[in-house]
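User: Could you take me through one part of this model in detail? I'd like a close look at a single strand and its neighbours, and then a sense of what else the chain holds.

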Amino acid sequence: MVAGVAQALGLLAAVLRADGISEIAVEEPGSLGTRQHLRHGGLVTPPVPVDGDGIRVDALRSPAVLVTPAHQFPTGVVLGGERRRELMRWDGLIVEDDYDAEHRYDRPPVPALRAMLPERVVYAGSISKLLAPALRIGWMLVPARYQRDLVDAKRYADLGNAVLPQLVLGYLMASGELERHLRFLRRRHRQRRDAMIAALSRHLPDARVHGAAAGLHLMITFDARLSDVDLAVAVLAEGVKVQPLSWHRQLPGEPGLVLGYGARSPGEIEEGVRIIAEVRRSAP
Ligand SMILES: Cc1ncc(COP(=O)(O)O)c(C=O)c1O
């Protein structure tokens, strides 16, 4: 048990460095947050492009890779069947961030890579997208050769996660409450996602929408030349918090925004998208 995927990556970085691994490829675009944790842990993070089938396995040159196969962050792409098989044939260490695997709206969740390759995959997940990130409860399943070093790293980091929140989580799982909560969330998130898609087509018809089949956010991209960082800053000044897509890139690419819908009502989402469109129209 670890304090979220963030801590999993920090502990893993230290263990990999001690094992002579100094770099881990990451998806491009890919999560700024996870990249920061790996870098803070001393690993280099070369970018590997993501296309419509997920990460381009043929472009992998590093001894390890961090992937979000169930729902790529931030594009929302699911790792395609053939790409998945290609990744499983690849001979490096795969780090699987299953960050929001439960939140699929179109079909049952995709099975984890870890289930097929327990000795080649480090699996990390958390309840951040299911209950609350502030609880800081996550887990790792690791190949036997790293288990002892990771347990040591966790021990020296903090002597272990607080037990009370884990007991509460255990109770929620055993009583069926967690499953009920997930069913409730799926319904609510789907309504919120639909509200966001409708608001985008009303107010920002030129924005391309990506990743609607799963998750708690949509990614939008623009053909136009604009600074998505400036747009996000201007939108924040009007009380709406979004992330610029360029935060999640290491290489140049289309501008865009990452828009979370999990924590807002349909009315708030409509208003937020309207404000983004208004700010964009009035941008110099
Ligand atoms: C794709 C992705 N995975 C995992 C995390 C970390 O989540 P947590 O540490 O709350 O489990 C983040 C947040 O930065 C993220 O963007």
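Analyst: Happy to! Let's begin at a single pairing: arginine 208 stands opposite threonine 221 in strand 9. Please keep in mind that this is a predicted model. The pairing belongs to strand 8 (residues 208-210) and strand 9, which run antiparallel and are joined by three bridges. Between these two strands of the hairpin there are six residues, and glycine 211 has a positive phi near 80°.

Strand 9 itself deserves a slow look. It spans residues 217-221, and because five of its five residues are buried, the strand is largely enclosed by the rest of the structure. For a residue to count as buried here, its relative accessible area must be under 20%. Which residues point which way? His217, Met219 and Thr221 face one way from strand 9, while Leu218 and Ile220 face the other, and all are buried.

Strand 9 also pairs with strand 11, in the antiparallel sense and over five bridges. Two pairs of residues let you follow this on the model: histidine 217 is opposite glycine 260 in strand 11, and methionine 219 has valine 258 of strand 11 as its bridge partner. Strand 11 (residues 256-260) is mostly covered too, with four of its five residues buried.

From strand 11 we can step on to strand 10 (residues 243-244), which runs antiparallel to strand 11 and is joined to it by two bridges. Here glutamine 243 stands opposite valine 258. Valine 258 is thus a handy landmark, as it is also the bridge partner of methionine 219.

Now for the rest of the chain. There is an open sheet of seven strands with mixed pairing, in the order 3-2-1-4-5-6-7. Its edges are strand 3 (54-55) and strand 7 (138-141), each of which pairs on one side only. At the strand 3 end, two antiparallel bridges link strand 3 to strand 2 (residues 47-51), and valine 50 has isoleucine 55 in strand 3 as its bridge partner.

What about the nonpolar interior? The largest nonpolar core has 25 residues, and Met140 and Leu150 have the most contacts inside it. Two or more residues each come from helix 1 (4-18), strand 4 (64-67), strand 5 (93-97), strand 6 (121-126) and helix 4 (144-158). Helix 1 gives the largest share of this core, with eight residues.

The surface offers a contrast in setting. Val163, Leu164, Leu167 and Val168 make up a nonpolar surface patch with about 400 Å² of accessible area together. Leucine 167 sits in helix 5 (residues 163-175), and it counts as exposed because its relative accessibility is 56%, where the cut-off is over 50%.

Helix 6 (residues 177-203) holds arginine 188, which counts as partly exposed because its relative accessibility is 28%. From arginine 188 to threonine 34 the separation is 154 residues in sequence and 27 Å in space, C-alpha to C-alpha.

Finally, a word on annotation. An unreviewed UniProt entry lists residues 2-245 as "domain: Aminotransferase class I/classII large". Over those residues, the chain is 40% helix and 16% strand, with the end C-alpha atoms 28 Å apart.

Terms used
Residues numbered from 1 in each chain as written. Predicted model: local features only at pLDDT ≥ 70, side-chain atom pairs only at ≥ 80, totals over all residues. Heavy atoms only, no water. UniProt positions renumbered as here; feature names shortened; annotations may be inferred. Patch = residues over 30% accessible without salt bridge, like charges linked within 9 Å, V, L, I, M, F, W, Y side chains within 5 Å. Areas by Shrake-Rupley, 256 points an atom, 1.4 Å probe, with all protein chains shown as cover. Salt bridge = Lys/Arg side-chain N within 4 Å of Asp/Glu carboxyl O. Buried < 20%, exposed > 50% of the residue type's maximum accessible area, 1.4 Å probe, protein only. Pairing = 2+ DSSP bridges. Core = buried A, V, L, I, M, F, W, Y, C linked by side-chain atoms within 4.5 Å.
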